[in-house]
Amino acid sequence: MSSRTANAAQPRGEAFAGSEPLHGPMITTAKPKFKRSRISSRHQEWIAGYLFVLPDALGLLVFLGLPMLLSLVLGLYEVDGFGSYRFVGMANYAKMMSDRLFWQSAKVTALYAVMLVPLLYVCGLGLALLVQKTNRFNGFIRSMFFAPHMISLVVVALVWQFLVVDKIGVLTRLASALGFSGISLLGDPDFALFTVVAVSVWFLMGYYMLIFLGGLQDIPAMYYEAATMDGAGPFARFWYITLPLLKPTSFFVIMISMVAAVAGSQAFDIIWVMTSGGPANSTSVLIVYIYQQAFGFGAFGYAAAMSSILVISLMVLTGLMFLLTRGGRFNYD
Amino acid sequence: MTKKPSLYFSASQVTLVRLVWMTVAAILALMIIFPLLWMTSISFKTAQDAFSPTLLPAAPTFGNFTYVITEVPFVRYMANSLFVSATVTVVALFFHSMAGYALARLRFPGRELIFLAIFSTLLVSLPVIIVPLFIIVRAMGMLNTYAGIIVPSVFNAFGIFLLRQYYLSLPREIEEAAVIDGAGYWRIYWSVILPLSKPILAALAILFFLANWNAFLWPLTVASDQNLWVVQVGIANFKSEYSAAWNYMMAASTIVAIPTLVLFLIFQRQIMDSIKTSGLK
């Protein structure tokens, strides 16, 4: 094993290689000379392993791990607009408990998730079943189902806002033609969240359709053949074969959509552009409220305290997933 | 399974069922892409015409596009988006494939622990850490810089996870030949592993590029300097200035949506296949 291994990745490897001469440029085209170096090949593998992982590990640590940790710490401070910190202990958390808008946002987040997750499951699976068979026509239809997912959420929000403009938007007019006249789909606190959920479903269902199609593909056709021979109809086949064998996929879909809904991965962009949390805070999901507190009022400490609640709940969800899937394996064996 | 005679339906009934099935699918598909058709249609309509209920503009005009491009520095925003997305994609694929290779193939103490740590960040998405992340990036002096937009977007566990799974599935014999030739690990990675990962790297490249082109929250937060705005921030801001001018806004939306839609038209199979298998295998 030549010592170029490690030294190509990072010059540090050279120090360990000891007597090895410098090879000049990091990647030479010359054939590596087969030389035994002083450190054993096992240790070379160690060093190489660490060096290969280093850039990503460091990046993840600084830009993901550290923020996660910091959100816990920062929540104990009061941070003013000029960036000075004052330790306040649990004051931010106490403030949270009595903040009516925090509870309102928590409620909206929960409502959003409770509506979004089942809707995505049903719509995603429904679309997948509709175009399950692989042929040209279905390939074309699948692309159309998936097309909305290609658009940025900002544009999605703009286009939908245009569709539901009070009185003159196309969908508003369609609604009044169907007998629901005078409805303000974004201006009425009773409807705004539904509209946001509908837009989220429209954007996401094509994606989940594909995940379901991947899962359906893995179900051996012979199960269906055998069931048909035994006289099972389409509904029996769906209920006794498709659904049970789709369990890993279902689990994955519910998990991922739940996490996205709670974190507000899609909700933030949509809500920020369409309603900014209004009307009457009816679409103010936690992440929108956190963002407003931090970047609108400069209350970074309070915002971090609220973020920490999200971080902790997501960590619990991830831990649960890791346990239930035995390390991210989404299959049975 | 439908090739075999069904026990329940006659042949003609089966054809009928299929026809109904296809019609339902086609109608649904049209309903689903209707907002996109509408967006494109309005962008060719005049201001007075914007709310007329016809899909085809009565007097199609390019005026909205020229207005949007000349009044707002959309070309600059697009260039910024392109630069940011391409850089993030290339750097991320490079780092992730290195890490994925090491985590799948090299044996070193603490490997499982490192993987577990990476895995634990899999579901932590940007919104929940945006406040502390902003404070860290501010402390590093990267507010209002390209680096500030780009660097934090590079690192995510998803790519590492998928690449590791892919490398686990490669047969070991491939590397063994290289090891016998006396190649070091860097050489194995560079001239054996990387060429073998072309399909998955291509798929991930498309996904990463799309995700970064469409990203809004982080660029909005980290860059207030208008010269650094990416196209999503640009259009959101455009909305607050021209909130009633829907024909301009839809023209701007169409401009922003076109690059990703074109990418989709070219790579639809690769994009859809890579999503179909992501995370599940």
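**Exercise 1. Domains of chain A**

Task: In this predicted model, state how many residues of domain 1 of chain A are in contact with domain 2 of chain A, and give the classes on the domain 1 side.

Solution.
- Step 1. Set the bounds: chain A is divided into domain 1, residues 4-74, and domain 2, residues 92-324.
- Step 2. Count the two sides: four residues of domain 1 of chain A touch six residues of domain 2 of chain A.
- Step 3. Sort the domain 1 side of chain A by class: three residues are nonpolar, one is polar and none is charged.

**Exercise 2. Confidence**

Task: Find where pLDDT stays under 50 in chain A, and decide how the coordinates there should be read.

Solution.
- Step 1. Take the chain averages: the mean pLDDT of chain A is 83, with 85% of its residues at 70 or more. Chain B averages 87, and 95% of its residues score at least 70.
- Step 2. Go down to the elements of chain A: helix H5 (residues 100-130) has the highest mean pLDDT, 95, and helix H2 (residues 12-17) the lowest, 39.
- Step 3. Locate the stretch: over residues 1-33 of chain A pLDDT stays under 50, and the model has 60 contacts beyond four places in sequence for these residues.
- Step 4. Apply the general rule: predicted coordinates should not be read in detail where pLDDT is low.
- Step 5. For the complex, the predictor gives an ipTM of 0.88 and a pTM of 0.85.

**Exercise 3. Domains of chain B**

Task: Describe the contact between domain 1 and domain 2 of chain B, and name the element that gives the most to the domain 1 side.

Solution.
- Step 1. The domain assignment of chain B gives domain 1 as 11-65 and domain 2 as 72-277.
- Step 2. The C-alpha centres of these two domains of chain B lie 33 Å apart.
- Step 3. Domain 1 of chain B puts ten residues into the contact, and domain 2 of chain B puts in nine.
- Step 4. On the domain 1 side, helix H1 (11-43) and helix H2 (63-71) of chain B each give two or more residues. H1(B) gives the most, with four residues.
- Step 5. By class, this domain 1 side of chain B has five nonpolar, four polar and one charged residues.

**Exercise 4. Two helices of chain B**

Task: Classify the packing of helix H3 (residues 74-105) against helix H7 (residues 157-169) of chain B.

Solution.
- Step 1. The axes of H3(B) and H7(B) lie 8 Å apart, at an angle of about 45°.
- Step 2. H3(B) is therefore oblique to H7(B).
- Step 3. The crossing of H3(B) and H7(B) is right-handed.
- Step 4. Among the contact residues are Ala92(B), His96(B) and Tyr101(B) of H3(B), and Ile160(B), Arg164(B) and Tyr167(B) of H7(B).
- Step 5. The contact of H3(B) with H7(B) has nine nonpolar, four polar and two charged residues.

**Exercise 5. Between the chains**

Task: Characterise the contact of chain B with chain A, then the crossing of H7(A) and H1(B).

Solution.
- Step 1. Of chain B, 84 residues are in contact with 93 residues of chain A.
- Step 2. Helix H13 (residues 246-277) of chain B supplies the largest share of the chain B side, 14 residues.
- Step 3. The chain B side has 65 nonpolar, 14 polar and five charged residues.
- Step 4. The axes of H7(A), residues 153-163, and H1(B) come within 10 Å and cross at roughly 85°, so H7(A) is roughly perpendicular to H1(B).
- Step 5. Val159(A), Trp160(A) and Leu163(A) meet Pro35(B), Trp38(B) and Met39(B) there. By class, this contact has six nonpolar, no polar and no charged residues.

Technical notes
Residues numbered from 1 in each chain as written. Chains lettered and ligands numbered in written order. Predicted model: local features only at pLDDT ≥ 70, side-chain atom pairs only at ≥ 80, totals over all residues. Domains from an automatic or database assignment. Contact = placed C-beta atoms within 7 Å. Nonpolar A, V, L, I, M, F, W, Y, C, P; charged D, E, K, R; others polar. Axes fitted to C-alpha atoms, helices over the stretch in contact; angles between N-to-C directions. Parallel < 35°, antiparallel > 145°, perpendicular 65-115°, else oblique. Left-handed = near helix turned anticlockwise from the far one by under 90°. pLDDT = per-residue confidence, 0-100.
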